[in-house]
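Let's take a walk through this structure together. Keep the sequence and the 3D view at hand as you read.

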Amino acid sequence: MMRQYELVERVKRYNPSTDEALLNRAYVYAMMAHGNQKRASGDLFFGHPLEVAAILTDLKLDDATIAAAVLHDTVEDTQATLEEINKSFGPQIGALVDGLTKIKRLDLVSKRAAQGENFRKLLLAVADDVRVLLVKLADRLHNMRTLGFMPPEKRKRIAEETLEIYAPLAGRMGIQEMREELEGLSFQNLDPEAYEAISRHLREVTSKSEKLVEEIEQDLKAKLLAQGIEAEVTGRQKRPYSIWRKMERKSVSFEQLSDIFGFRVIVGTNDECYRALGVVHTTWPMVPGRYKDYISTPKQNDYRSIHTTVIGPGRQRVELQIRTRDMDEIAEYGIAAHALYKEGVNDSSRLAKESRAYQWLRRTIDLLAEGDNPEEFLEHTKLELFHDQVFCFTPKGRLIALPRGATPIDFAYAVHTDVGNTAVGCKINGRMSPLLTELQNGDEVEIVRADGQTPPAAWESLVMTGKARASIRRATRAAVRRQYTGLGHQILERAFERAGRAFSDEKLKGALPRLARASMEDVLAAVGRGEMFSGDVVRAVYPDYKDERRPVPTVGVAQADGQSGESTPSGIPIRGLNSDMPIRFAPEGGAVPGDRIVGILTPGEGVTIYPIQSSALAAFDNEPDRWIDVRWDLETSDRQRFPARIKLQSINEPGSLAQIAQVIADHDGNIDNVSMKRRTQDFTDMTVDLTVWDLKHLNAIIAELRAKRVVSRVDRVNG
Ligand code: MN
């Protein structure tokens, strides 16, 4: 295991002014925290964070990153707390460790292949400091190097995840060496046979063509020198994984793969890059379509180089990368190559250096998030953009990405439309929570469902996602149609009963052509909506039927108080009384629960509810088809207020109106509107519109008003 002084030495090599005390404290703290914990290999656990820190010293990272690497597993795996870390090491290192702890918790959730994209975004959303990602990558690299001690199933899962998420992330951050190692280790674990076969082939080719590589190296060097360009030329073999990918992508065999050699030409200046290219292209024929100039147009991650492929000696295709020393550093170490110690060794203030480096790292996050080209990796330009999203999980670990502000209702619809439609409650992180809670990153959401539900129409305006909105609208519309269909059925039964003819579905089906409708449902809904009259349906079913108008039915109203419930077949329940119902109340002096009521069908509008004593009903005396039995069907749980109107006569004296208003307020009535008309010197007539719970409530208010000395008369107005 690495010793304390060894770690400090490693850092000192590239940063002479390192904070030795800080590194020592981190070392001791982590060692104490991990104690005797062991890894799967049987080694002491503490060796792992040290190796992670060592990997990061190769990338020449700053003290805070190295310390965070040493501490990265303490909060999640030991008794250590974030508060303690913050107190002992300061908020900067605390924030890094916190980011790593969060990512580690995400790791615990199993992930599916198709979620790679989302998971990468999640990583970026959680890690708002690129150094967190660097530590995470080093952590993964060390875990991959020691993967052999894990059970096969776990090995496979970790290797897949590495290949899908972490290797591309390293590539995106420009750390090619790390990307290649991660890919190689993943490949080796996922498909050991293929890895072995390709490695064997590569060894054979190398032994055969060793001379060739050397030849090309010497040849190229000499030709460049002849033009006054001093260059370092190194040939190297492609890695097994990239060869395997190419074999898969192009469906070619190993033998058919021509360009398994790549040469890197390192020169002094930009200018020399282009001159070297000229030499190469005049010496060997270039392969069309392979030339790329990333010097004039660098990649988003700051990668700069010239790429070309030529037909070299022995008809062997040879890939060349031409660049300067500086460009090469960035190509190898990416973001890490920009670490502060390169430029700032003689900077006066350490703090200034760190903050400059930090800014630089922040800026590169933007590049990181941008990606090479639009369809690749991350489509947004700024990492902050992911802060517009929340990432939540189903109990089975499926990742659901939602816009910020989304609710469990959005979540339910994102999982499945049926789940949304039947959602009645939810658990967030195991705790029952309201369906309108705003979800947070990493929440685990379990939707509680009940069959036969229709989502409340009000949800439509409360959800964030288009999918949820559209689904709620569709479900509501279907419910309304069901409502109309049921209403039509009631109307028809009644009409047939009045006509003294039998009604059955079969008979109605037979009459569909005469009614020019495709289905029973269409007919029922049309009658319910008032687009088709019940009399027409009766005549369609019984062409011999002559419509003799009968007098208005006497009552035909079921009541909530049960007085005459037995006199009629079951009425139409008035459920919810919300806007998504085809039922509404007469606009003036409407009914309140407890009133005897009747419904009047109006074509195109639905059913209007009147109190049975309403004078407005006289207008429908000659239209028996339009009279509908209705009754109250209110659950105590959805208690709501209903509008009512009263007429008052009061004595004219100061404060009389205040007294009246007080009575209504004391009885929990809401006054919507008061209109006054002075009748005589002594009395004032007024109309009061108020909302009440039910008839009992209204009567109580009226009784109390009558008891007031200033009130001479009170009457309810019934339309
Ligand atoms: Mn770790």
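The tour below goes from the chain as a whole to a metal site, then to some helices and a few single residues.

A word before we start: what you see is a predicted model. The chain has 719 residues, and 49% of them are buried. Its secondary structure comes to 24 helices and 20 strands. If you look at contacts with a sequence separation of 6 or more, 66% of them join residues 24 or more positions apart.

Now turn to the manganese ion. Which protein atoms serve as its donors? They are NE2 of His 48, NE2 of His 72, and OD atoms of Asp 73 and Asp 139, at 2.2 to 2.3 Å from the ion. Along the chain, these donors follow the spacing H-x23-H-D-x65-D. One pair among them, His 48 and Asp 73, links distant parts of the chain, with their positions 25 residues apart in the numbering. His 48 belongs to helix H3 (residues 47-58), whereas Asp 73 sits in the loop between helix H4 (63-71) and helix H5 (74-77). Are these two donors buried or exposed? Both His 48 and Asp 73 are buried.

Stay with helix H4 for a moment, since Val 70 is part of it. Val 70 has a relative accessibility of 1%, under the 20% cut-off, and therefore counts as buried. Leaving aside residues up to four places away in sequence, Val 70 touches Leu 7, Ala 26, Tyr 27, Ala 30, Phe 46, Pro 49 and Ala 53. Val 28 lies 42 residues from Val 70 in sequence, and the C-alpha atoms of the two are 9.6 Å apart.

The loop between H3 and H4 holds Lys 60. Most residues other than glycine have a negative phi. Lys 60, though not a glycine, has a positive phi of about 55°. With a relative accessibility of 33%, Lys 60 counts as partly exposed. Farther along the chain, Ala 516 also has a positive phi, near 55°. You will find Ala 516 in the loop between helix H20 (512-515) and helix H21 (520-529). Its relative accessibility is 66%, so Ala 516 counts as exposed.

Next comes a pair of packed helices. Two such helices are described by the angle between their axes and the distance between the axes. For helix H9 (residues 152-172) and helix H10 (residues 176-190), the angle is about 160° and the axes are 9 Å apart. Angles over 145 degrees count as roughly antiparallel, and H9 and H10 are therefore roughly antiparallel to each other. Their crossing is left-handed. On the H9 side, the contact includes Arg 155, Leu 163 and Tyr 166. On the H10 side, residues including Met 178, Leu 182 and Glu 183 take part. The residues of this contact divide into eight nonpolar, five polar and five charged.

Two more helices complete the tour. Ala 226 is in helix H11 (residues 192-226). At 63% relative accessibility, Ala 226 counts as exposed. Ala 226 and Val 279 are 53 residues apart in sequence, while their C-alpha atoms are 9.7 Å apart in space. Helix H16 (residues 408-415), by contrast, is mostly covered, with six of its eight residues buried. Those buried residues are Pro 408, Ile 409, Asp 410, Phe 411, Ala 412 and Tyr 413.

Methods
Residues are numbered from 1 along each chain as its sequence is written. This is a predicted model: local features need pLDDT of at least 70, side-chain atom pairs count only at pLDDT 80 or more; totals for chains, interfaces and linings use all residues. Side-chain values use heavy atoms; hydrogens and water are left out. Donors are N, O and S atoms within 2.8 Å of the metal (3.2 Å for Na, K and Ca); water is not among the atoms, so sites may look incomplete. Helices (H or I, at least four residues) and strands (E, at least two) are DSSP runs, numbered from the N terminus. Buried means under 20% relative accessible area, exposed over 50%, partly exposed in between (1.4 Å probe, protein chains only). Axes are lines fitted to C-alpha atoms, for helices over the stretch in contact, and angles run from 0 to 180 degrees between N-to-C directions. Angles under 35 degrees count as roughly parallel, over 145 as roughly antiparallel, 65 to 115 as roughly perpendicular and the rest as oblique. A crossing is left-handed if the near helix is turned anticlockwise from the far one by less than a right angle, and right-handed if clockwise. Contact means heavy atoms within 4.5 Å. Ala, Val, Leu, Ile, Met, Phe, Trp, Tyr, Cys and Pro count as nonpolar, Asp, Glu, Lys and Arg as charged, and the others, Gly among them, as polar.
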